[in-house]
Each structure stands twice: as C-alpha cells, then as structure tokens.
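Good morning, and thank you for making time for this presentation. I would ask you to keep the structure in view while I speak.

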Amino acid sequence: MSRATWRTGGWTLLELAVVAGVLAFLGLVLAPGLARTNPAAAKGAQCARNLYTLTSAWRMYADENADVLVASGSGLVGRPVWVTFGVESNPFALLKSSPLWTHVGQNLSTFRCPADAAKVLISGTAFPSPRSYSMSHVFGNGAWLDKSFNPNQTVWRTYARAAEVVIPARTFVFLDEHPDSINDGSFANACTGAQPTDPPSSAWIIDFPANYHNGGCNLSFADGHVETHAWTGAKIRNAPINYTGNLLLNVPAESSYLDIRWLASRTTVRR
C-alpha cells in the first residue's frame with residue numbers, strides 16, 4: 001500500500017463503536033481476574049460503591065421531603081430513622097422499611113460491606129450480618145459530641161436539613177463501623193477533646209470505626225464523595241475483629257488520638 005492511500009482524517013463512528021465494544025469486552029473478561037488477584041481491593045471498591053449509593057439515597061430523600069434529612073437515631077419529630085434496629089435483630093424484613101430502601105434499588109447488599117464476615121442467627125440458621133454501615137450522629141441529637149453523653153448538648157452543630165451542613169465535603173455521613181462495635185444505626189464520636197490544641201490524652205473513642213480495608217475504613221460525605229482512610233494508631237488500626245460484640249467502647253484513644261482528631265475534623269463544627 002502506498003503512503004498516498006492512508007486516510008488522514010479522524011476515525012469513523014463505526015470504528016469508534018468497534019473499539020469501545022472491544023474495550024468493554026476486555027473489561028468484562030479481565031475484571032474477575034483482577035478481583036481474584038486482589039480480592040481485598042475488590043471488596044474495598046464494592047464497599048465504596050455501597051456508600052456512594054447510600055449517600056445518594058440519603059440526599060434523594062431530602063430532595064423529595066423539603067430538605068429534611070433522615071435521622072441517625074430515633075426520637076426526632078418529623079424525621080424517620082434511616083434504620084430502626086440493631087444488627088442482632090432479624091434484618092431482612094426490617095431493612096426494607098428503611099426510608100432509603102426504594103432509593104437504593106431495593107438491594108439488601110447495599111447495606112453490607114463485602115469485607116464484613118459477621119453472621120446473625122435467625123431461627124438457628126446463620127446468615128451474613130445485614131448491615132456494616134452506620135450514620136454519623138450529627139444527623140441525630142449528637143449526644144456524644146461533647147464527649148460526655150448529653151442528648152441536649154449545645155457545643156457542636158447537628159443537622160436536620162441538608163442546607164444546614166456547614167462544610168459538606170468535610171462532614172461524613174456513613175462509614176464502616178467495627179463489627180464488634182456496631183449496634184444501632186448511629187455512629188458516635190467525640191469532638192470535644194479531639195481538637196488540635198487539646199492534649200493527646202483527652203481524645204476519646206466512643207464507637208470504633210472498622211479497619212477492614214488495609215487497616216482503614218470507607219466514609220461517605222455530605223457532598224457525595226467517598227474516601228478510604230487508613231488509620232495510623234494501633235488502638236483503631238489493630239482493634240481485633242472477633243465478631244462477638246465484646247469490643248470495649250467509650251475508651252481513651254491513646255495511640256489513635258490523631259485518628260480521632262482526623263475524624264472529629266470531618267464530623268461537624270462548633271455552634
């Protein structure tokens with residue numbers, strides 16, 4: 001073929017369609033292999049997708065209900081609770097009563113991290129635990145924000161409407177909770193004692209975040225993005241996973257004080 005016969009223009013639509021089809025096919029072929037090569041990464045990626053879906057559902061609910069946010073816990077007038085039970089309950093029928101259920105495509109797997117190996121017994125049969133995620137208690141009464149339990153605390157902001165969130169990109173909504181810490185649907189952490197000017201000894205762990213993902217966990221934020229954060233301190237990073245529910249909560253952060261400061265800085269702001 002002579003040089004004069006080569007086309008100098010761009011690709012045709014048919015050629016582009018063929019290339020796109022080939023790339024899509026390769027993706028389908030290679031994806032399972034990549035998942036087998038690095039199953040931990042695949043689980044982390046699926047977990048992040050779950051949190052993205054949950055957070056999108058959380059926002060869609062507000063868009064359809066005059067900006068009112070579903071609550072992390074009960075007892076707030078005019079705001080339904082995003083989940084109404086602990087993981088030890090019969091989960092499958094109750095999850096379907098979540099106000100987010102239709103917005104997540106009625107998909108039970110959205111509520112569970114694939115790295116979570118916890119089980120629940122229902123009528124003597126073991127099933128995968130229904131839920132791995134909890135919602136920040138700033139979307140409830142924020143009872144632990146001031147470090148000591150106080151459902152009427154006025155030091156730190158809590159949020160009932162989406163427009164009230166001061167810094168959406170630094171306000172986490174959902175996270176993986178440690179399977180031996182998770183109980184109700186609300187994740188509690190203290191902002192008092194976890195500020196940069198506070199002494200390390202004042203930082204406190206109320207509920208434990210998970211450490212499934214290479215020593216870290218996934219968190220979603222009010223602006224819709226999802227992050228994987230690796231914990232640096234041994235108290236959280238190496239917290240044992242026994243699936244017994246016996247992890248001691250409400251304890252000094254010790255080596256994880258910087259982690260608790262990081263989490264506090266992405267929880268809320270002072271009133």
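**The sheet, its helices and a pocket**

Let me begin with one pair of strands: S3 and S4 run antiparallel and are joined by 3 bridges. Within this pair, Ser 134 has Leu 175 in S4 as its bridge partner. Please bear in mind throughout that the model is predicted.

On its other pairing, S3 is joined to S5 by 2 bridges, and these strands run parallel. Here Met 135 is the bridge partner of Ser 186 in S5. As a general point, strands of a sheet pair through backbone hydrogen bonds, in either a parallel or an antiparallel manner.

How do these strands fit into the whole sheet? The sheet is open and holds 5 strands, in the order S5-S3-S4-S7-S8, with mixed pairing. Strand S5, residues 186–187, and strand S8, residues 226–230, stand at the edges; each has a single partner strand, so one side of each is left without a neighbour in the sheet.

Let us move to the S8 edge. Strand S7, residues 216–221, runs antiparallel to S8, and 5 bridges join them. Gly 216 stands opposite Ala 230 in S8, and Cys 217 has His 229 in S8 as its bridge partner. The hairpin of S7 and S8 has 4 residues between the strands, and in this hairpin Gly 224 takes a positive phi near 105°.

Which helices pack on the sheet? One of them is helix H2, residues 39–64, which touches strand S3 (133–136), strand S4 (172–176), S7 and S8. The direction of H2 makes about 25° with that of S7. Helix H5, residues 257–264, also packs on the sheet and touches S4, S5, S7 and S8. The direction of H5 makes about 165° with that of S8.

I turn now to the aromatic rings, where the count comes to 8 aromatic pairs. Why is the pair of Trp 101 and Phe 111 called stacked? The ring centres are 6.4 Å apart and the planes of Trp 101 and Phe 111 lie at 20°; planes under 30 degrees apart count as stacked, so this pair qualifies. Both Trp 101 and Phe 111 are in the loop between helix H3 (91–95) and strand S1 (119–122), 10 residues apart.

Finally, the largest pocket has a volume of about 360 Å³. It is lined by 21 residues, and the closest to its centre are Ser 72, Gly 73, His 137, Asp 184 and Ser 186. The lining divides into 8 nonpolar, 11 polar and 2 charged residues. Ser 186 thus joins two parts of this talk, being named both at the pocket and as the partner of Met 135.

Methods
Residues numbered from 1 in each chain as written. Predicted model: local features only at pLDDT ≥ 70, side-chain atom pairs only at ≥ 80, totals over all residues. Heavy atoms only, no water. 1 Å grid on protein atoms, 1.4 Å probe; cavity = no way out; pocket = protein on both sides within 12 Å on 5 of 7 lines; lining within 4 Å. Points joined across faces, edges and corners; volume = space filled by probe spheres on them. Nonpolar A, V, L, I, M, F, W, Y, C, P; charged D, E, K, R; others polar. Pairing = 2+ DSSP bridges. Contact = heavy atoms within 4.5 Å. Axes fitted to C-alpha atoms, helices over the stretch in contact; angles between N-to-C directions. Phe/Tyr/Trp six-rings, centres within 6.5 Å; stacked < 30°, edge-to-face > 60°.
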